[in-house]
Amino acid sequence: MTQATGNRRSSGMIAAALIDDIKTGDLPVDTPLPTERELCERFGASRPTVREAIAQLQMQGYASAIAGHRPRAARPSLDGILRGAGDLIFDLLGDGEAQAHLEQMRQFVEMGAAREAANRASAMQLAKIQQALTRNGEAIGTREFAATDIAFHRAIVSVVGNPVLLTLHDLFVSHLIAQRPASPNAEALDRTSYQEHAQLHAAILDGDSAMAIEVMDRHLARAYRARLKAAVGLNDAADPDSA
C-alpha cells in the first residue's frame, strides 16, 4: 500500500491510492475499507476529505455502501457503471426530456437488432424469440404483460451479442416501461402490442430485414405515442379545467 508522504492528500489522491490498492489486491474485493481514523492517519487528511474520497470510490464502483456498516472494497461492473450513468442522465435532463432521448436511443438500438435478427439469428436464438412471443401472448391483460414485453424485445437485442447494448436495454427499457401511465384500455393495448410483436417475429423468421426494421420502427413509435396520450389523459382527468 502506498503511504502518505509530505503534503496532506486531496480526496482525489486518496481515492486513486485506494483504487490502486483494490486493483493490485492489497485491499481484496469484499473486505471492509480501513476506518476513517486509519485513513486519516495514513494520508494525513481530515475526516471530511476522507469521506469525500470514499464517496468517490462508491461513485466509481470501487466501494459498496451498506447501511450501518463500513463500505467494502468492490470492482466496477458494467451494470453498475451504466446504472449510474442513467441516474445522471435523469438528473441532468429531467424525466420528460430524458425519457424522450431514451425512447429515441431505444428505437435506433432495436431497429438495428431487428435487422441483425432477420439476417443472422441462429436456430437457438429464433427459438428463444418464439418462446418469448408465446409467453407475451399468454400474458395479455395481466400484470405480467410488461415483463414479457421486455423479455421479447430482449431476446431480439440478444442476437447482436453486444453486452453493452444488452445492459443498456435491460436498464433503460425496464425504466421506460415502468413509467408507463395506467390506461383504462390496457388489455386492448396489450393485444395491439402482441400483434405487432407477432408481425416482427414473422419478418425475422422470413429473413426479411427491411420488413423487420419497418415493423419495429412502427411498433416503438406507436407505443411511445400511446404512452404520451395516456399521460395527457390522466392529467386531464385530474384537472377538470385543463384544455
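# Reading a helical fold

Among contacts in this protein between residues at least 6 apart in sequence, 70% join residues at least 24 apart. The model is predicted.

User: What is the overall layout of the protein?

Analyst: Along the sequence the pattern goes α-α-α-β-β-α-α-α-α-α-α-α, so you're looking at DSSP runs that give ten helices and two strands. Of the 243 residues, 35% count as buried.

User: Why is N136 called buried?

Analyst: Buried means under 20% relative accessible area, and N136 has 0%, so the label fits. N136 sits in helix α6, residues 123-138.

User: Which residues does N136 touch, leaving out those up to four places away in sequence?

Analyst: F145, T148, D149, Y194 and H197.

User: What makes the pairing of N136 and H197 a polar contact?

Analyst: The cut-off for a pair of N or O atoms is within 3.5 Å, with one able to donate a hydrogen and the other to accept it. The side chains of N136 and H197 are joined at 2.7 Å, which makes this a polar contact.

User: How do you know that the span of helix α7 agrees with its number of residues?

Analyst: The expected span is 1.5 Å times one less than the number of residues. Helix α7, residues 145-158, has 14 residues and should span 20 Å; its end C-alpha atoms are 20 Å apart, so the two agree.

User: Which residues of α7 are buried?

Analyst: F145, T148, D149, I150, F152, H153, A155, I156 and V157. F145, T148 and D149 also turn up among the residues that N136 touches.

User: R154 is in α7 too. Why is R154 called partly exposed?

Analyst: Partly exposed lies between the 20% limit for buried and the 50% limit for exposed. R154 comes out at 32%, so it's partly exposed.

User: Where is R154 relative to A132, and what does R154 contact beyond four places in sequence?

Analyst: R154 and A132 are 22 residues apart in sequence and 9.0 Å apart in space, C-alpha to C-alpha. The contacts of R154 beyond four places are L166, H169 and D170.

User: Why are helices α2 and α3 described as roughly perpendicular?

Analyst: Their axes come within 9 Å and cross at roughly 105°. Angles of 65 to 115 degrees count as roughly perpendicular, and that's why α2 and α3 get the label. The contact is made by E36, R37, L39 and C40 of α2 and by R47, V50, R51 and I54 of α3.

User: How many residues of that α2 and α3 contact are nonpolar, polar or charged?

Analyst: Four are nonpolar, four are charged, and none are polar.

Technical notes: Residues are numbered from 1 along each chain as its sequence is written. This is a predicted model: local features need pLDDT of at least 70, side-chain atom pairs count only at pLDDT 80 or more; totals for chains, interfaces and linings use all residues. Side-chain values use heavy atoms; hydrogens and water are left out. Helices (H or I, at least four residues) and strands (E, at least two) are DSSP runs, numbered from the N terminus. Buried means under 20% relative accessible area, exposed over 50%, partly exposed in between (1.4 Å probe, protein chains only). Contact means heavy atoms within 4.5 Å. Axes are lines fitted to C-alpha atoms, for helices over the stretch in contact, and angles run from 0 to 180 degrees between N-to-C directions. Angles under 35 degrees count as roughly parallel, over 145 as roughly antiparallel, 65 to 115 as roughly perpendicular and the rest as oblique. Ala, Val, Leu, Ile, Met, Phe, Trp, Tyr, Cys and Pro count as nonpolar, Asp, Glu, Lys and Arg as charged, and the others, Gly among them, as polar.
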